Amino acid sequence: MHVNKLSKYLFCLLIVCFSVSNAVCALDARGAGIPPQNKWISNNQPVLTDVSSMYGTYPAPLFRKEFAVDTTGIRKATLYITAAGYYKATLNGSRIGDIYLDPAWTDFSKRIYFTEYDLTASLSEGANCLGVTLGNGFYNPLPLQMWGYLNLRNAMPTGNPSFTARLVVEYTDGRTQELSTDETWKFAPGPVLKNSVYLGEWYDARKEISGWDLAGFDDSAWKNVCILPSPGGKLQARFFPPVKITAQFLPVKISLLPGNVYLADLGVNFAGIYKIRLKGNPGDTVTLRFGERIYEDGSLNPMTVVCGQIKSKGVGGPGAPDIAWQTNTYVFGQDSDVWFSPEFTFHTFRYMEIKGLKYKPEVSDILGLALNSEVEECNHFESSSDLLNSIQEITTRTFKSNLVSVQSDCPAREKFGYGGDINAVSESFISNFDMYGFYRKTIYDWADAINDSVFIDTAPFVGLQYCGISWESAFLFLQDQLYRYYGDDEIIREMYEFDLKWMDKVARLHPDLIIDKGLGDHESMIPVPVQVTGTTHYLQAAGVMKRFASLMNDRVNEKKFAELENNIREKILETFWHTPGQEKAKMNKQTLFSALLFSGVIPENEKLAAVDSLIASVRKGENGHFTTGIFGTKYILEAMSQNGLTQEAFDVVNSNAFPGWGYMLERGATTLWETWKESDNTYSNCHPMFGSVSEWFYRWLGGIRPHSRYPGFRKFILDPQTPEGLTHVKASYKTPFGYIKSAWQKKDSGEISYEITVPKGTTAVFKTAIKNGEFAEITCNSKRISISKSDYQDGCWIKELKAGSYLITKRIGLKDKNQQ
């Protein structure tokens, strides 16, 4: 039964579901949010203890509550809602908002973020109905034994999904009405019979309940909800971007395979979901599988996205599928022509396999929907090299695919927030997106996960603790990056005592200063011991803490960390530079020498020898390319450019030979691989760790770099490099003060022009290379610049530029005898 408008009597009757209150609770200054005493409601599903039974059919519950309002006097109506698990909320049958996979993944026993929706314009006069569907998310994961041993349920807080909500209606006459979750809500099982963030969804349209989330629906057969204890986490307003649909992809091809199986090629690899138009009869079943690759015969290869390498019987534990691939199932109900899209899962795929259709779908019947945290894609890089532009494109696509409320290493097999990947590419993410809110959330995730006895690998914590300091230190280095890139010192002040305790933990676990446990330069083609990369991260941590102590006017700890930094530097220098050894001979020299240079370990008078050693190691690599891993790739790009080898670095990057980014593209990659070598079975094809190349594009080809002494780009470096093989570059970067723009172009005459924008309130330190013995004519906004010896430093002409726009040209010729 549908009701369009209630009588005055029924309106007054329904209004009692609200409470009119001026009570003060633990909310913000506006009284906004969800108070701690708000009730959490769920269905009455018994808590399962038998592992194999968890793979059974447990429909996602539907919840409903009717209420009434007088819309003529409403000033504002706001819904605050969150869940342990995922939720989808509706008002009068329509989806509320455009957010997916909410709330963000956290340790639900420590903190839970709620979302605020403005419903002012959506409420109907009289009767209204709020509907909520709950999914499992990461609060009720299946007991899959990843790699045969890792069960998330053993490490994470888990339970039956529940939610809490509060609707606040403010009237123009000062009245406030509230509707909160309580015992008066009702529930029933819905058509989503199974849902897993890893394995997918099973949707049976025969179980749909028409009109269930509309006012006037007869819910007399529905059951009353049960009240559950809070999951324990502190309720906080979400301050970071939510997950949304950020791109759409039509298939580029749909193929018919043997057995009446269809394969849709979406053209690119991405993380997300899809919507598909399906036609069939009641009871017909359509099964969808997903993968990043296809086999030579054109059939789906799902093996690189299998959850936790569960690829044979028994590996995943009792009840688990033999192969834990990504699968969705749709069973037709009464409607013979439907659009289907899953709600509580996400996949990584380019290819979609479709079984059970009796006809070939049209291209217009399928739409890929990219899902990621909606970070602002505010920065831009492009160049005259099509290859570099393609590398940038697949890198940013990979990055976005790995931003689903945590920064993951792969968005299919694991979906975990590994710290090592953050350390490797966080500055690349910052170079492309506004990561401020997202990375604050990440820091809190780590603060909630870290213990005082052992290093952990991920946040939220999933039970992995073997990678060591190079993973857990991510929480510290992110604080430093928020300070340097965004000028945020509040996060440092908030976390400082925690940081001090963490440094005490490191000292306790590694009293000899050399890090001897953990994972080294992961996926380096030649092994690199953790003693190299782990210890350079310890050195970096000491330097960060020295700066933090200075900011806090903590002179005692500033001196302490300065001494620690010096002691670690001397230890590294003695162990890996001054002392030859058998182990040193076996390791990846590219990572070794670049790590030493990147970390500032090498004394100035010995730097030339280290640079020579580094370039020699590159030339010995296969095809003269990089063989570095997760950290070494970032180090080698930076170390080479810091030491005058941008041309050599560019020649490697701008190549299609193996190993390299161009080779991935030559082999058809549309996202970055986990390994330099191509993998069609084991390794992810959507992995961000080699994306440090994008940071290098901005820092060295665009030349935009933060100044070490001026956080937040109050003063910054503008040092664009112009290697042979490039004729132009355009880069822009959004600072807290506005956009920096750096573009350069070479002319046939040899002249180079630089177009520069320096935001208001900032100063740029502009550098351009002028070799000894060269004559340079510099003009700025058509005015010739007089050059003196004091303008030169380390082979560069240096000029401070105040806020404004500039056109600088440089002509190089023979040395002018009249030049000062």
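**Exercise 1. Determine how strand S12 (residues 162-171) and S13 pair, and over how many bridges.**

Solution. Strand S12 (residues 162-171) and S13 run antiparallel and are joined by five bridges; two strands count as paired if DSSP finds at least two bridges between them. Helices (H or I, at least four residues) and strands (E, at least two) are DSSP runs numbered from the N terminus. The model is predicted: local features need pLDDT of at least 70, side-chain atom pairs count only at pLDDT 80 or more, and totals for chains, interfaces and linings use all residues. Residues are numbered from 1 along each chain as its sequence is written, and side-chain values use heavy atoms, with hydrogens and water left out.

Next, the register: Glu-170 stands opposite Thr-176 in S13. The hairpin of S12 and S13 has four residues between the strands, and Gly-174 there takes a positive phi near 100°. Finally, the surroundings: strand S13 (residues 176-180) is largely enclosed by the rest of the structure, because four of its five residues are buried. Buried means under 20% relative accessible area, exposed over 50%, and partly exposed in between (1.4 Å probe, protein chains only).

**Exercise 2. Trace the pairing of strand S20 (residues 243-249) with strand S7 (residues 99-100) and with strand S29 (residues 366-373).**

Solution. Begin with S7, which pairs with S20 in the antiparallel sense over two bridges. Tyr-100 has Val-243 of S20 as its bridge partner. Then turn to S29: six bridges join this strand to S20, and the two run antiparallel. Here Ile-245 is partnered by Leu-371 in S29.

**Exercise 3. Give the strand order of the open sheet that contains S31 and S36, and place Thr-763 and Arg-709 relative to its strands.**

Solution. Five strands make up this open sheet, in the order S31-S32-S36-S40-S39, with mixed pairing. Strand S31 (704-706) and strand S39 (792-793) are the edge strands, each pairing on one side only. S31 and strand S32 (residues 715-718) run antiparallel and are joined by three bridges; Ile-704 lies opposite Leu-718 in S32.

Thr-763 belongs to strand S36 (residues 763-769). This residue counts as buried because its relative accessibility is 19%. Leaving out residues up to four places away in sequence, Thr-763 touches Arg-714, Lys-715, Phe-716, Val-758, Glu-800 and Leu-801, where contact means heavy atoms within 4.5 Å.

Arg-709 is in the loop between S31 and S32. Its relative accessibility is 60%, so Arg-709 counts as exposed. Arg-709 and Arg-166 are 543 residues apart in sequence, and their C-alpha atoms are 46 Å apart.

**Exercise 4. Describe the packing of helix H14 (residues 646-653) against helix H16 (residues 692-701), and of helix H9 (residues 555-578) against helix H11 (residues 589-598).**

Solution. Two packed helices are described by the angle between their axes and the distance between the axes. Axes are lines fitted to C-alpha atoms, for helices over the stretch in contact, and angles run from 0 to 180 degrees between N-to-C directions.

The axes of H14 and H16 come within 12 Å and cross at roughly 145°. The contact is formed by Thr-646, Ala-649, Phe-650 and Val-653 of H14 with Val-693, Trp-696, Phe-697, Trp-700 and Leu-701 of H16. By class, these residues are eight nonpolar, one polar and no charged; Ala, Val, Leu, Ile, Met, Phe, Trp, Tyr, Cys and Pro count as nonpolar, Asp, Glu, Lys and Arg as charged, and the others, Gly among them, as polar.

For H9 and H11, the axes come within 11 Å and cross at roughly 150°. Ile-572, Phe-576 and Trp-577 of H9 meet Leu-592, Phe-593 and Leu-596 of H11. The residues of this contact are six nonpolar, no polar and no charged.

**Exercise 5. Identify which residues touch the most other members of the largest nonpolar core, and characterise Val-528 in the loop before H8.**

Solution. A nonpolar core is a set of buried Ala, Val, Leu, Ile, Met, Phe, Trp, Tyr and Cys residues joined through side-chain atoms within 4.5 Å. In the largest one, of 208 residues, Met-352, Phe-416, Met-435, Trp-502, Trp-661 and Trp-696 touch the most other members. Helix H8 (residues 530-551) supplies the largest share, eleven residues.

Val-528 is in the loop between helix H7 (490-509) and H8. With 10% relative accessibility, Val-528 counts as buried. Its C-alpha atom is separated by 5.7 Å from that of Asn-588, 60 residues away along the chain.
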